[in-house]
Amino acid sequence: MDGNGRWAAARGYPRFYGHIRGAARVKEVVRASREIGVRALTLYAFSTENWKRPEEELAVLWKILRKYLRREVGELKKQGIRLHVIGEIDRLPRDAGMELRSAVETLSGGRHMELTFALSYGGRAEILAAAKSIAREALQGKLDPESLGEAEFAARLATGGLPGSGDVDLMIRTSGEKRISNFLLWQSSYAELDFPEVQWPEFTVERYRECLQAFSTRKRRFGGV
Ligand code: IPE
Ligand code: MG
């Protein structure tokens, strides 16, 4: 999700207003995903680099997150949506972290869709953490590095429990920037990429459906013929 700040600035609003409008899109896109039958949706809500932002903006983001959870958990539960969080959740303010954990717990029985929030997430950090845990196991003699395949490595990533070991089918980045910005680096090896030229607060369900439609016509060969 990119472009909240620019969307607001272009209209003479403070940046935080862009985040408020962006949160409304999150709600719509999550609900639409469930309706359409998307099995897993992962939202890059906050990167490890986003900590560099001014304190006031960060405070608004955590407030929006808490409000979203408070307002939506009931509906998510009704819809059978399970919630996951990937990233350094311990770095979040205490109350936001607590509400997130409680929402994950409340929604743990969901079987119809996996919704993941990437918060204080970085793809390199995730891969490094998996490599370290493997090195530790090897040092303790619990694992033979030679026996380790890609599937076993993927299982040690934060997304290991998601359908298809967390492999991304379609990655959508709004705002027109053609960058991956440290998102799901391992998991996106064969992802189809889409960079819609709209800011996140303008990313309507209709626009989302267009992305899914375009994806469904792509021929995915995974390196084959
Ligand atoms: C994306 O919008 C949402 C978050 C990272 C929280 P930005 O905040 O990155 O908006 P721009 O890129 O500055 O316009
Ligand atoms: Mg941005």
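Colleague: How many Å is an oxygen atom of ligand 1 from a polar backbone atom of Arg6?

Modeller: This is a predicted model, in which local features need pLDDT of at least 70 and side-chain atom pairs 80 or more, while totals for chains, interfaces and linings use all residues. Residues are numbered from 1 along each chain, chains are lettered from A and ligands numbered from 1 as written, and side-chain values use heavy atoms, without hydrogens or water. The pair is a polar contact (N or O atoms within 3.5 Å). The distance from the ligand oxygen to the backbone atom of Arg6 is 2.6 Å.

Colleague: Which residue has an N or O atom in its side chain 2.9 Å from an oxygen atom of ligand 1?

Modeller: A backbone atom must be set aside here: Gly5 has a polar backbone atom 2.9 Å from an oxygen atom of ligand 1. The side-chain partner at 2.9 Å is Arg15.

Colleague: What percentage of the area that ligand 1 exposes when taken alone does the protein bury?

Modeller: Taken alone, ligand 1 exposes 380 Å² (Shrake-Rupley method, 1.4 Å probe). Of that area, the protein buries 88%.

Colleague: Which element gives the largest share of the shell around ligand 1?

Modeller: Two helices (DSSP runs of H or I, at least four residues) each give two or more residues to the shell: α1 (4–10) and α2 (15–36). The residues around ligand 1 (a heavy atom within 4 Å) include Asn4, Gly5, Arg6, Arg15 and His19. The largest share, three residues, comes from α1.

Colleague: How many charged residues does the shell around ligand 1 have?

Modeller: Among the residues around ligand 1 are Asp2, Arg6, Arg15 and Arg53, and Asp and Arg count as charged, as do Glu and Lys. The shell also has three nonpolar and five polar residues. The number of charged residues is four.

Colleague: Is α2 oblique or roughly parallel to α3?

Modeller: The axes of α2 and α3 (lines fitted to C-alpha atoms) come within 10 Å and cross at roughly 25°. Their crossing is right-handed. Angles under 35 degrees count as roughly parallel. The two helices, α2 and α3, are therefore roughly parallel.

Colleague: In which hand does α3 pass α4?

Modeller: Helix α3 (residues 55–78) packs with helix α4 (residues 94–106) at an angle of about 15°, their axes being 10 Å apart. α3 and α4 are therefore roughly parallel to each other. The crossing (near helix turned anticlockwise from the far one by less than a right angle) is left-handed.

How values were computed. A polar contact is a pair of N or O atoms within 3.5 Å; within protein, one must be able to donate a hydrogen and the other to accept it, and residues adjacent in sequence count only if both atoms are side-chain atoms. Axes are lines fitted to C-alpha atoms, for helices over the stretch in contact, and angles run from 0 to 180 degrees between N-to-C directions. Angles under 35 degrees count as roughly parallel, over 145 as roughly antiparallel, 65 to 115 as roughly perpendicular and the rest as oblique.
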